[in-house]
Amino acid sequence: MKKYSAVFMLFLCVSCQFIDKQIPSEEELLNKEIQTIDWKKVDEFPTIITCDSVSDKTQNQECFINTLSALIQQKLDADKPKLPFAKFDTIAVQVSILPNSTLQFETQQQADNEKIDSILKAKLVDFPIIKPAIKRGIPVKTQFTLPVILKVE
């Protein structure tokens with residue numbers, strides 16, 4: 001019986017050394033995880049209802065951008081005579097999609113910026129529901145610039 005007790009005591013002493021290893025702190029783990037995240041990319045690009053059926057990530061992104069560009073184009077082309085874009089044929093529109101699915105538009109033009117922005121805000125309303133981009137399971141804000149071709153007569 002003494003043999004078994006000695007072996008048991010030896011086992012306890014050796015096994016305690018395995019348990020005594022350093023466990024990294026929460027802050028260390030968090031800092032390591034933050035370093036590995038690519039903050040410039042999203043896990044899922046924003047999408048619109050018409051592109052939900054596209055399963056390929058790249059094709060879904062192209063579908064979304066093409067659909068959104070076409071919708072913006074249609075809304076701006078509806079009132080061509082009233083739009084004071086005589087000196088522009090293409091404008092760069094910065095599109096922001098907020099985590100709550102809200103859209104914001106701003107022009108990247110230097111001249112008449114306020115006037116063009118006010119027209120964009122008035123015309124670019126009533127879009128279909130847009131699902132925001134997802135990063136690590138959380139909806140996030142995304143921004144990108146779309147060239148919008150204006151049909152100037």
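Reader: What makes the contact between the side chains of Arg136 and Glu33 a salt bridge?

Author: The term requires a side-chain nitrogen of Lys or Arg within 4 Å of a carboxyl oxygen of Asp or Glu. In this predicted model, the N to O separation between Arg136 and Glu33 is 2.7 Å, so the pair meets that criterion. By this rule the count comes to one salt bridge. Local features need pLDDT of at least 70, side-chain atom pairs count only at pLDDT 80 or more, and totals for chains, interfaces and linings use all residues of the predicted model. Residues are numbered from 1 along each chain as its sequence is written, and side-chain values use heavy atoms, with hydrogens and water left out.

Reader: Which parts of the chain does the pair of Arg136 and Glu33 tie together?

Author: Arg136 lies in the loop between S5 and strand S6 (138–140), and Glu33 in helix H2 (residues 26–36), so the pair ties together parts that are 103 residues apart in sequence. Helices (H or I, at least four residues) and strands (E, at least two) are DSSP runs, numbered from the N terminus.

Reader: Why is Glu33 called partly exposed?

Author: Buried means under 20% relative accessible area and exposed over 50%, with partly exposed in between (1.4 Å probe, protein chains only). Glu33 has a relative accessible area of 34%, so the intermediate class applies.

Reader: How do you know that Lys135 has no salt bridge?

Author: The nearest side chain of opposite charge, Asp43, is 4.1 Å away from Lys135, so the limit of the salt-bridge rule is not met. In the assignment of charge, Lys and Arg count as positive and Asp and Glu as negative, while His and the chain ends are not counted. Lys135, which is buried, belongs to strand S5 (residues 133–135). Its side chain reaches the backbone oxygen of Lys41 at 2.8 Å.

Reader: What makes Cys51 and Cys63 a disulfide?

Author: A disulfide is a pair of cysteine sulfur atoms within 2.5 Å. The sulfur atoms of Cys51 and Cys63 are 2.0 Å apart, so the criterion is satisfied. Cys51, in the loop between strand S1 (47–48) and H3, and Cys63, in helix H3, are twelve residues apart. Both cysteines are buried.

Reader: Why is the disulfide of Cys51 and Cys63 called left-handed?

Author: The torsion about the S-S bond is about -85°, so the disulfide of Cys51 and Cys63 is left-handed.

Conventions. A polar contact is a pair of N or O atoms within 3.5 Å; within protein, one must be able to donate a hydrogen and the other to accept it, and residues adjacent in sequence count only if both atoms are side-chain atoms.
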